[in-house]
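Here is a set of short questions about how labels are earned. Each answer sets a value against its cut-off.

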Amino acid sequence: MSETQIVDRARAGDKDAFGDLYELHKNFVWNVAYRMVYDFDEAEDIAQDVFVTAWKNIGSFQGGSKFSTWLYKITVNKTLNRLRGNRRTRELSGEAVYNMIDEKEFLKSNPGAALEDVETERALAKLLGELDPEKRMAVILREIMGLSYEEIAKATDSPVGTVRSRISRGRARLSELAEKMEQSK
Amino acid sequence: MNIDDFFRKANKLEAPEALRDKVMEEIEKSTPPLREPGWIGKPSKLVTLRRIVAPLAAAAVLFLAIRLIPEQERVEVKSAAKNADELALFVENALNPVFSHDITGGRTGDVDSDNLDSFVENTLESVFNTNPGEVENADAAGQA
């Protein structure tokens, strides 16, 4: 069954069909939410909010764009709104974010991961934590989730030029920080 | 390791199992979505006008509110905003509650009049509460 057919069934109130949509998109929503806040509970709240909002409003989804584009937009808005409302999360320094990744919890929720992956994730968290939310979001969507500039522009409701600029400036800052991190080893 | 190595090594994380239960539980509790008829067409002139005027009105209110903050606090705000990004974020956050939000959680560009009222009320209240002397002076000047 195609995604369009699943969306149609969900729009008609079929909860199982929505469950299928959840399975298709859960990892995208989780990766974005978690890497924006690096806090399991907070990321769970955001992801839950995203899917419940999508369910409640799927009747108004017009099908003019892909369902994924619509869901990405909800994910971006919910995450950034949560960050705006949470000064503590927004202002986490890279060091604090680094310490927030619990090794046991990380390995438990990612059975395929090794200890080395935890360290990589901690270092990445430390770097991403130094970017402001908009740049961090753009970099995550592009470099980790592999979205195109156009998809990111739609998801963030920003012009493609702005997206390019955020990613370019974000990457430049991250390169500089990664270099410093390497030198300090 | 350069930044591309970090990105290359970053795992695609698995959503926790418990998340599905939490989401489906909430969905079970809520009513099924209603199909809405498609809405095709341009927004009315009134809507377009509101979209232009509303942000300007909100910005004007914010400007006036900032002017009411004592000079010393304004200087603190300025020095706190170390660069343009931080200043933009500051204004963005200050204005965010004023606007209506669409179903995706994105700002519609429309001002929610209730939100605007409470925003103005709260802003002015916080200004006057922290500077009762100014209010008294203003009252005295007004009576004179």
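A salt bridge here is a side-chain nitrogen of Lys or Arg within 4 Å of a carboxyl oxygen of Asp or Glu. The model is predicted.

Q: Why is the pair Arg82(A) and Glu42(A) called a salt bridge?
A: The N to O distance is 3.6 Å. The cut-off is within 4 Å, so the pair qualifies.

Q: What parts does the pair of Arg82(A) and Glu42(A) tie together?
A: Arg82(A) lies in helix H4 of chain A, residues 67–85. Glu42(A) lies in helix H3 of chain A, residues 40–57. The pair therefore ties together parts that are 40 residues apart in sequence.

Q: Why does Glu42(A) count as buried or exposed?
A: Its relative accessibility is 12%. Buried means under 20%, so Glu42(A) counts as buried.

Q: What about Arg82(A): buried, partly exposed or exposed?
A: Arg82(A) has 26% relative accessibility. Buried needs under 20% and exposed needs over 50%, so Arg82(A) falls in between and counts as partly exposed.

Q: What makes Arg173(A) and Glu176(A) a salt bridge?
A: Their side chains meet at 3.2 Å, N to O. That is within 4 Å, so the rule is met.

Q: Where do Arg173(A) and Glu176(A) lie?
A: Both lie in helix H11 of chain A, residues 160–183. They are three residues apart, about one turn of the helix.

Q: Why are Arg173(A) and Glu176(A) put in their accessibility class?
A: Arg173(A) has 32% relative accessibility. Glu176(A) has 40%. Buried ends at 20% and exposed begins over 50%, so both count as partly exposed.

Q: How do you know that Glu116(A) and Lys9(B) form a salt bridge?
A: The N to O distance is 3.4 Å. The limit is 4 Å, so the pair passes. This pair crosses between chains, from helix H8 of chain A (residues 115–128) to helix H1 of chain B.

Q: Why is Lys9(B) not called buried?
A: Lys9(B) has 39% relative accessibility. Buried means under 20%, so Lys9(B) counts as partly exposed.

Q: How many salt bridges does the rule find across the interface of chain B and chain A?
A: It finds five. Over all chains, the structure holds 17. There is also a network of salt bridges linking Glu23(A), Lys26(A) and Arg20(B).

Q: What makes up the contact of chain B and chain A?
A: Chain B gives 42 residues and chain A gives 63. Together they bury about 4,700 Å², with 56% of it on carbon and sulfur atoms. The rule also finds 10 residue pairs in polar contact across the interface, both residues at pLDDT 80 or more.

Q: Which elements give two or more residues to the side of chain B that touches chain A?
A: They are helix H1 (3–9), helix H2 (17–29) and helix H5 (84–95) of chain B. The largest share, nine residues, comes from H2(B). The residues of that side divide into 20 nonpolar, 10 polar and 12 charged.

Q: What makes the buried residues of H10(A) lie on the same side?
A: In helix H10 of chain A, residues 149–156, the buried ones are Ile152(A), Ala153(A), Ala155(A) and Thr156(A). They cover an arc of only 165 degrees around the axis, which puts them on the same side of H10(A). These buried residues pack against H4, helix H9 (133–144) and H11 of chain A.

Q: What follows H10(A)?
A: Asp157(A) follows, with a positive phi near 55 degrees.

Q: Why does Met137(A) count as buried or exposed?
A: Met137(A), found in helix H9 of chain A, has 1% relative accessibility. The buried class is under 20%, so Met137(A) counts as buried.

Q: Which residues is Met137(A) in contact with, leaving aside its neighbours within four places in sequence?
A: Met137(A) is in contact with Val32(A), Met36(A), Val76(A), Thr79(A) and Leu80(A).

Q: What elements does chain A have?
A: Chain A has 11 helices and zero strands. Buried residues make up 56% of its 185 residues. Among its contacts between residues at least 6 apart in sequence, 63% join residues at least 24 apart.

Technical notes: Residues numbered from 1 in each chain as written. Chains lettered and ligands numbered in written order. Predicted model: local features only at pLDDT ≥ 70, side-chain atom pairs only at ≥ 80, totals over all residues. Heavy atoms only, no water. Contact = heavy atoms within 4.5 Å. Buried area = accessible area lost by both parts, 1.4 Å probe. Polar contact = N/O pair within 3.5 Å; in protein donor to acceptor, adjacent residues only side chain to side chain. Helix = DSSP H or I, 4+ residues; strand = E, 2+ residues; numbered from the N terminus. Nonpolar A, V, L, I, M, F, W, Y, C, P; charged D, E, K, R; others polar. Buried < 20%, exposed > 50% of the residue type's maximum accessible area, 1.4 Å probe, protein only. Arc of directions from axis to C-beta.
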